Amino acid sequence: MQPGTHFSFGDHKKHGFVASFTSALPSHLAHWFLEHEQFEPVPGEPGLYRLSDPERDGVRRTRQAVHDLRRHGYTVQADIRLNPALSTGPPRPVRPHGLQERRSRLAQAAAGRTTQRSPTPTTSPPSARPIPPKPTYAPTVHLTAAASGRSR
């Protein structure tokens, strides 16, 4: 392991996707980060954490944990398969009628011409009253004190 490494990720025959931390990081902080990334302590193996529910997209979730810890400024060593910087994962499935398709349809609709006719603008309806000019003085408002002594 390289000096200055904070976390290490890999595959384990018995426990699946595992992570551990080095003494370069306080154990309570490493424990918090690993649990936040969905890793749980392995009973009987101090300092070893396994990914909870590894059958549910374990490779992607472990790569995401490596990425997140590096983004926080930690030095992370990972197997090639689990290192997002060195490996490319399988392309994500494209969901039909996803957000990108919807945005594209909205953009096309906004750029196109409408088939609806808009009413022709009129200058002003004959029943509209003209707006009076703004007064040049500030009106004075006189307030009286309430008889009960309580204000509203």
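These legends describe close-up views of a predicted model.

**View 1. The chain combines three helices and five strands.** Read along the sequence, the elements follow the pattern β-β-α-β-β-α-β-α. The chain has 152 residues, and 24% of them are buried. Take the contacts between residues at least 6 apart in sequence: 45% of these join residues at least 24 apart. A search of the whole structure finds four salt bridges. Three of them appear in later views, namely Arg56 with Asp53, Arg60 with Asp57, and Asp68 with Arg71.

**View 2. The largest nonpolar core holds 18 residues.** Phe7, Phe9, Leu34, Phe39, Leu69, Tyr74 and Val76 touch the most other members. Six elements each give two or more residues to this core: strands β1 (7-12), β2 (16-21), β4 (48-51) and β5 (76-78), with helices α1 (27-36) and α2 (58-71).

**View 3. Phe39 is among the core residues that touch the most other members.** Residues up to four places away in sequence are not counted here. Phe39 then touches Phe9, Phe17, Val18, Ala19 and Leu34, among others. The list also includes Tyr49, Arg50 and Leu51. Thr62 and Ala65 complete the set. Phe39 belongs to strand β3, which spans residues 39-41.

**View 4. Strand β4 pairs with β2 and with β3.** The pairing of β2 and β4 is antiparallel, over three bridges. Ala19 has Tyr49 of β4 as its bridge partner. The pairing of β3 and β4 is also antiparallel, over three bridges. Here Glu40 has Arg50 of β4 as its bridge partner. In a regular strand, side chains alternate between the two faces of the sheet.

**View 5. Strands β3 and β4 form a hairpin.** Six residues lie between the two strands. Gly44 takes a positive phi, near 80°.

**View 6. Arg61 of helix α2 is buried but has no salt bridge.** Asp53 has the nearest side chain of opposite charge, 5.2 Å away. A salt bridge needs a side-chain nitrogen within 4 Å of a carboxyl oxygen, so the 5.2 Å separation does not qualify. The backbone of Asp53 comes into play instead: its oxygen lies 2.8 Å from a polar atom of the Arg61 side chain. Leaving aside neighbours within four places in sequence, Arg61 is in contact with Gln38, Leu51, Ser52, Asp53, Pro54 and Arg56.

**View 7. Arg56 and Asp53 meet in a salt bridge.** The N to O distance between the side chains is 3.4 Å. Both partners are partly exposed: Arg56 has 44% relative accessibility, and Asp53 has a relative accessible area of 39%. Both residues are also contacts of Arg61.

**View 8. Arg60 and Asp57 meet in a salt bridge.** The N to O distance is 2.6 Å. Arg60 is partly exposed, with a relative accessible area of 36%. Asp57 counts as partly exposed too, at 42% relative accessibility.

**View 9. Asp68 forms a salt bridge with Arg71 in helix α2.** The closest N and O atoms are 3.4 Å apart. Why are Asp68 and Arg71 separated by about one helical turn? The reason is that they are three residues apart in helix α2. Asp68 counts as buried, at 11% relative accessibility. Arg71 is exposed, with a relative accessible area of 58%. Side chains of opposite charge can pair when their charged atoms come close.

Definitions and conventions. Residues numbered from 1 in each chain as written. Predicted model: local features only at pLDDT ≥ 70, side-chain atom pairs only at ≥ 80, totals over all residues. Heavy atoms only, no water. Core = buried A, V, L, I, M, F, W, Y, C linked by side-chain atoms within 4.5 Å. Buried < 20%, exposed > 50% of the residue type's maximum accessible area, 1.4 Å probe, protein only. Helix = DSSP H or I, 4+ residues; strand = E, 2+ residues; numbered from the N terminus. Contact = heavy atoms within 4.5 Å. Pairing = 2+ DSSP bridges. Lys, Arg positive; Asp, Glu negative; His and termini not counted. Polar contact = N/O pair within 3.5 Å; in protein donor to acceptor, adjacent residues only side chain to side chain.
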